[in-house]
Amino acid sequence: MARNKEALVLLLDVSPSMHNILQEVEKVCSMLVQKKLIYSKYDEVGVVLFGTEDTNNELTTEVGGYEHVNVLQQIRVVDKDIVEALQQLPRGTVSGDFLDAIVVGMDMLIKKFGPTNKGKKRLCLVTKAHCPVKAPYEGTEEDQVNTIAAQMLAQGIKMDCIVPRGKQTVDGNGGVMEENDHLLGVFSKKSSSKVVYVGSPTSLLGALRTRRISPVTIYRGDLEISSALKIKVWVYKKTAEEKFPTLKKYSDKAPPTDKFATHEIKVDYEYKSVEEPSRIVPPEQRIKGYRYGPQVVPISSAEWDAVKFKPEKSVKLLGFTDVSNIMRHYYMKDVSIFIADPGNKKAILAVSALARAMKEMKKVAILRCVWRQGQGNVVVGVLTPNVSDKDNTPDSFYFNVLPFAEDVREFQFPSFSNFPMSRQPNEEQQEAADNLVKMFDLAPTGKEEALQPDFTPNPVLERFYRHLELKSKHPDAPVPPLDNTLKKITQPDPEILSECKSVVDEFRRLFELKENPKLKKSAKRLLRDKPSGSDEEGEGSGKANDVGAVKYIENKLAGNIDKIGDLTPVQDFEAMMSRRDSPAWVNKAIKDMKNKIFDMVENSCEGDTYQKALECLVSLRKGCILEQEPKQFNDFLRHLYKFCQEKDLNNFCEFLASKGVSLITKTEAVDSEVTDDEARSFMVKKEPKHEGERGVNSLL
């Protein structure tokens, strides 16, 4: 069996207790095989049903027993026939014994691959475990499970047990279910088995994995606490992003009779000289170039190697800090897990002692990590203790990457406390807002968490696979409607919405939502100023102006303003300041407005643009107060005064003084360093009188 090839045997309970969810089991299992058919086409799958009225398996013929276990499909390479067989499972009429099914599945894997084959062999058991297991001829049921588990370990067989009923006990089968849960727990302790309890079709969809991927270490070495204390650790990826599959191009140019055609498309690139377009440049004569302005700077690989940062492989402790200092939203990328070197008792003891001490003192560790030799970057992250509550699982750590200063994106939302009392929420509004936020909790007190990360699949990927399966059968089939199982992930749960309706209604009553007409007004004004078909700029330009005006209006209505125009600078500035898709828009809007005001003042003809410049300056002042940027406005106003003095534009300064425009004070913005007296003295200053001249009032 190939190294990356997996053999999977599905053990499906079709007894009467499973009839109400067999339709979901059919969907999940057929989708699993469909994914293997697309991306793991060399994997092999077998299907065993138990709880059927008939019996069909080799063990019954050879040794007897193992009744009501039916091998629906022998282990073979995945194909469409297996997918179709799983979509129409028979409904059993008798009780199902999951231990018999496990033994039959193991027998199939052993006979197929033998004990010496170290390929990936896996069983997947899906049962509610409602039915009792048969008593063995010798010993107890637990002894029988121990024997089976030992054989699984010896053969390198792993097992996933999915119990689609949660952990509740209902009806009159409480004792049987409790005993079966105990036996499944023995499997998880004594063999490479994992038992998962799911309570909804959505969780069932996420619990059944396409493949059981063996973890691979990203680091093996020392965790350096100090120069005298080093702990041997292994580091694994705990989570990984599930990415959309990369689709390869397919060629239909191969002859239909060629059974071994790969239908792959290969792309070759040729590099030709600019000076001699007909000459192909060989690889040894090529060098990478990087743009620097209008030029291209060539940098050879040798030069890159000379300046490249080459840290040594290591994981070093930088220090400890309180848990409260590391916010959850600081975490970046995937999560890793630190465990002690398996088999190293001293390392296991040291990791356990450190983890328990950190948890007791509510501390986390900051690490500097270089996972491999020659790695081009250094990772700084936080190490959080993970104290185990199981006897057979040692303590460990979780590791999360922390951002550097340039990675942090701070959205500048002003505090309500800086607003006047008339614009601050009252106690009733504050309580309604708190209740609305609490409503978003997916794990409320006393209830099971909804959409658990471990059991919630990616709905986009699931829908892609289902549509792909449909297209394989019917190439012209349209995109099907969203499946009910996926609707529970992508759409609000009607039951939860009905429970929280009173909270939403109360919030809606206390906060009246009004439409902001500013953007629409500016768009109408633009149409009035620039009517469609106008050819003020010459013949043939009317249509171009009309198209440009329409696009400008569409951007305004959509809130996609990215620069301050000449027609409506105030409205453009306000639109950019209100954008929240990036924190950079605030600084860009302020910078663009400063430049616009400078242009208006400098290019003014006898003060014809002073009024418009004043409106822009007032809008800039208001925006800087709301966004807590008083320093930017104050520095700009001082610079503007100096500019006017140098350009002999004192009349504009007098115009501003007459309108009462001054610096932003501490009273208006807490971050300002200007007092009220400084602002008043800035407004008007008496300049010394020169001989033959009157004193003039100027803006300081």
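**View 1. The lining of the second largest pocket in this predicted model, by residue class.** Sorted by class, the residues lining the second largest pocket comprise 17 nonpolar, 9 polar and 10 charged ones. The pocket holds about 1200 Å³ of space, and of the 36 residues that line the pocket, those closest to its centre are Leu442, Ala450, Leu451, Asp493 and Ile496.

**View 2. Helices that contribute to the lining of the second largest pocket.** At least two lining residues come from each of helix H7 (201–207), helix H10 (427–439), helix H12 (484–490), helix H13 (494–499) and helix H14 (501–510). Which helix gives the most to this lining? That helix is H13, which supplies 5 residues.

**View 3. A barrel closed by 7 strands.** Following the strands around the barrel gives the order E7-E8-E12-E15-E14-E13-E11, and the pairing along this path is mixed. From one strand to the next, the twist averages 35 degrees.

**View 4. The pairing of strands E14 and E15.** Strand E14, made of residues 379–386, runs antiparallel to strand E15, made of residues 396–401, and 6 bridges join the two. Within this pairing, Thr384 has Tyr398 of E15 as its bridge partner.

**View 5. Helix H9 lying across strands of the barrel.** Helix H9, which covers residues 345–361, lies across strand E7 (217–226), strand E8 (229–237), strand E11 (314–322), strand E12 (332–340) and strand E13 (363–370), as well as across E14 and E15. Relative to E15, the helix runs at about 65 degrees.

Conventions: Residues are numbered from 1 along each chain as its sequence is written. This is a predicted model: local features need pLDDT of at least 70, side-chain atom pairs count only at pLDDT 80 or more; totals for chains, interfaces and linings use all residues. Side-chain values use heavy atoms; hydrogens and water are left out. Two strands pair if DSSP finds at least two bridges between them. Helices (H or I, at least four residues) and strands (E, at least two) are DSSP runs, numbered from the N terminus. Axes are lines fitted to C-alpha atoms, for helices over the stretch in contact, and angles run from 0 to 180 degrees between N-to-C directions. Contact means heavy atoms within 4.5 Å. On a 1 Å grid over the protein atoms alone, a cavity is a set of points where a 1.4 Å probe fits but cannot get out, and a pocket is an open set with protein on both sides within 12 Å along at least five of seven lines; lining residues have an atom within 4 Å of a point. Grid points are joined across faces, edges and corners, and a volume is the space filled by probe spheres set on the points. Ala, Val, Leu, Ile, Met, Phe, Trp, Tyr, Cys and Pro count as nonpolar, Asp, Glu, Lys and Arg as charged, and the others, Gly among them, as polar.
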